[in-house]
Amino acid sequence: MARHLITSAIPYINGIKHLGNLVGSQLPADLYARYLRARGHEVLFLCATDEHGTPAELAAAKAGLPVAEYCARMHETQSALADGFRLSFDHFGRSSSAQNATLTQHFAKRLFDAGLVEERVETQVYSPTDGRFLPDRYIEGTCPNCGFDGARGDQCDNCTKQLDPADLIEPHSVISGATDLEPRETKHLHLRQSAMKDDLAAWIDAQADWPILTTSIARKWLTDGDGLQDRGITRDLDWGVPVLRDGDPWPGMEGKVFYVWFDAPIEYIASAQEWVDAGKGDDWRRWWRTDAGAGDVRYTQFMGKDNVPFHTLSFPVTILGSGEPWKLVDYIKSFNYLTYDGGQFSTSRGRGVFMDQALDILPADYWRWWLLSHSPETSDAEFTWPNFQASVNKDLADVLGNFVSRITKFCRSKFGEAVPDGGTPGAPEARLISDLDTRIAAYTTAMDRIEVRKSAAELRAIWALGNEYLQTVAPWTVFKTDPDTAAMQTRLALNLVRLYAVLSAPFIPDAAADLMAAMRTDDAAWPADAATALAALPPGHAFAVPEVTFRKITDEETAEWAERFAGIRG
Ligand SMILES: [Zn+2]
């Protein structure tokens, strides 16, 4: 048994996330957490909402609510949707927590003492029309790198280059559209990331097993152009972690807050403290402090590719630079993007399926299966309704659902609702067991390596083995002449239902639980070998024919949904 700390990139508070966000971090993280728990490992799986910064302030203003109340409500909403998708967080925290404020101030002080934080007078964009300094995201203009005309002041979404507002060509305020922006001097704390460049390069070079997507992005940011840049960690805003030092106002930084990118990843640690303070755990240090037992923890982070620079460079600067024995990430699993029907998901245009809408039309397992089996691992992936319909109908209804329905109904009609006795296994059974052993080993290896699509393909192949077996041995025909052999075949196939429930639970937890309930067992032990696993339900063991496990999606439904989620055409 090993100990695994798992975090998913924390979703921003302002609004409900779409399916592309879900499959880019939270959902595969949940798959991995569920799998590791099923294998008997000790897991702490954490996530939170990312609540600070100007987008939250503006969204609250638009909703007519104080920002703290807006965030509290949206946290509840996101938490309920996470439950709806069966995301099995041990804790779903909030970056606006008192724990995170204290930790953020602590790290800033440590970094300051280590000479890695310094005060700089800098020039920020001030908008006289708006009467305020404009945060980077609220300035848009043309990207100097690629010429994209909707680049934000912090990053170009087209070429992903990290930007400074001063880099933009023809900048304007996103709030008012004002172009009379002027530079004004203001003092801010800066994190001297450049001073840690060699340490980071050595650390990243030592990660031989990281996915190429992760290390290539990290190295690009480390070395491209002038290399890793120092970054401001404070902002002229009201909503955020106050800039305090040892509990007192930080001289020269009165009224300022930490920049959201600095406090957000620290919430990974704070979420563990919140988990303890909520009475759900008793010791967060043994997960996060290598001087308190975290040395044997394997820490895996999940995120979309846009978050890789912060997790490979900025957050490690905070951790390493503190000089304290905090746990560093061991493995970063990053994802490309899911696109929607030939374009991008768009919150403003209501384009694509969002988490609440998805659960309104179908149960979570349907989405979990499609999203994970099509996850954007090695390249971007595209959601289309025909593909979704075909995958769900074939994999879940025709292969898994049909197998379960066929064998349980057959048994009920010929032997009753209990596992039948009699018969001796022969060559077809030996072949099935051998094929299962091979496939389960491949499935387990892929899950261990967090190869999500490959895991789904192996699981699908394991389901298909059951149908192939039934086709080959045809117990409904054998029953007429040799009921004992038909009983043996049926017993084996009923045991496959339980085995499928165990193996499938990380992907489709609700259906797996229904199958376990129908088979009237709570023996969820991960199979050591197929032969033993297929003897778990002995002759005489009662079961029930389950309700329809998965229904088919109709052409009419997909046509209606395609239209409903197409968005307002711009
Ligand atoms: Zn660009």
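Biologist: Is Lys454 buried, exposed or partly exposed?
Modeller: Bear in mind that this is a predicted model. Partly exposed covers the range between under 20% and over 50% relative accessible area. Lys454 has a value of 42%, so Lys454 is partly exposed.

Biologist: And which residue does Lys454 meet in a salt bridge?
Modeller: Look inside helix H14, residues 452-473. The partner sits 4 residues away, so about one helical turn separates the two. That partner counts as buried at 10% relative accessibility. With 3.9 Å from N to O, the residue is Glu458.

Biologist: What about Arg498, which residue does its side chain meet in a salt bridge?
Modeller: Arg498 is in helix H16 (residues 483-504), and the partner is in the loop between helix H17 (509-518) and helix H18 (530-533), 25 residues apart, so this pair links distant parts of the chain. Arg498 counts as buried at 3% relative accessibility, while the partner is partly exposed at 32%. The N to O distance is 3.7 Å, and the partner is Asp523.

Biologist: How many salt bridges does the count come to?
Modeller: The cut-off is a side-chain nitrogen of Lys or Arg within 4 Å of a carboxyl oxygen of Asp or Glu. Asp157 with Arg152 makes it in, the closest N and O atoms being 3.3 Å apart. Arg3, Glu42, Arg286 and Asp296 are even linked in a network. By this rule the count is 37.

Biologist: Now the metal: what is the arrangement of the 4 donor atoms around the zinc ion?
Modeller: The donors are the SG atoms of Cys143, Cys146, Cys156 and Cys159, at 2.3 Å. Ideal angles for four tetrahedral donors are 109.5 degrees. Here the angles run from 107 to 114°, which makes the arrangement tetrahedral.

Biologist: How many residues apart in sequence are the parts that Cys146 and Cys159 tie together?
Modeller: The donors follow the spacing C-x2-C-x9-C-x2-C along the chain. Cys146 lies in the loop between strands S6 (139-142) and S7 (151-152), and Cys159 in the loop between S7 and strand S8 (169-173), so the pair ties together parts whose separation in residues is 13.

Biologist: Within what arc do the buried residues of helix H6 fall, seen down its axis?
Modeller: The buried residues of H6 are Thr214, Thr215, Ile217, Ala218, Trp221 and Leu222. They pack against helix H5 (197-205), helix H9 (308-321) and strand S16 (331-335). These buried residues line one face of the helix, because they fall within an arc of 165°.

Conventions: Residues numbered from 1 in each chain as written. Predicted model: local features only at pLDDT ≥ 70, side-chain atom pairs only at ≥ 80, totals over all residues. Heavy atoms only, no water. Donors = N, O, S within 2.8 Å, 3.2 Å for Na, K, Ca; no water. Tetrahedral: all angles 85-135°; square planar, octahedral: opposite > 155°, others 65-115°. Buried < 20%, exposed > 50% of the residue type's maximum accessible area, 1.4 Å probe, protein only. Arc of directions from axis to C-beta. Contact = heavy atoms within 4.5 Å.
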